[in-house]
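Grab a pencil and try these short exercises on helix packing and burial. Each comes with a worked solution.

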Amino acid sequence: MGYERLEKSLIDLVKEEQAKLGYRKEMIRLYYPLSSLNHFMEANADAEEMQELLADFPKAAEDIFGEVGITHVKDRFCFALSEKASEYVHENMKPNEFIKELVELVAKHGCTIEDIEVLFRSHSDKIVTEPMDNGEFDRMIRFEEGEDKYYYCFKDEGCHIIYHRFLPEDYADFDFKPDKKIRNRGNTNENRNI
């Protein structure tokens, strides 16, 4: 179960990168905090134990990602995916994927939170939206049903809107109290500038 959730998360991150930057057949490095991996694996492992739990993942995911390298520095894990991963996602990404539409919408000048809610509602009439007042984000929106389990958090910065999406468990971990900051946390791709 843990490997399946990790595999889906990696695919989702590659989709998001390609929606933002376009497709390029290249190796990709994706980063996860230990806490996220513990959620995937339903474990409470330290970094060394997690490295052991992930030992069979490269073989299990080889058909999709090709060669996979997994390293960590303290509690930050790096997944180095071969060119095959970007090619696989490109060939299997549907043109009407929600993440692609969201990325295109927030890139437009004048995009509003209301526009984003309209986009969510065009995909489902069952969404949850909550105001946030923690200095980091203004609004959380998520689908109540369906495959997309992410919590999308948005910040209106005046001239544009930024967002970050969290797995439900990671969102719960942050607890989003007004004094809680999330800078440099969560899933990121540092191979290309997103």
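Helices (H or I, at least four residues) and strands (E, at least two) are DSSP runs, numbered from the N terminus. The model is predicted, so local features need pLDDT of at least 70 and side-chain atom pairs pLDDT 80 or more, while totals for chains, interfaces and linings use all residues. Residues count from 1 along each chain as its sequence is written, and side-chain values use heavy atoms, leaving out hydrogens and water.

**Exercise 1.** Place Glu 16 and decide whether Glu 16 is buried or exposed.

Solution. Start with the element: Glu 16 sits in helix H1. Next, burial: its relative accessibility is 9%, so Glu 16 counts as buried (buried is under 20% relative accessible area, exposed over 50%, partly exposed in between; 1.4 Å probe, protein chains only). Last, neighbours: leaving aside residues up to four places away in sequence, Glu 16 touches Ile 99, Tyr 163 and Arg 165 (contact means heavy atoms within 4.5 Å).

**Exercise 2.** Work out which residues of helix H2 are buried and what they pack against.

Solution. H2 covers residues 34–41, and its buried residues are Leu 34, Ser 36, Leu 37, Asn 38 and Phe 40. Now look across from them: they pack against H1, strand S1 (28–33), helix H3 (47–53), strand S3 (76–81) and helix H9 (168–174).

**Exercise 3.** Find the residue just after H2 that has a positive phi.

Solution. Step just past the end of H2 and you land on Glu 42, with phi at about 50°.
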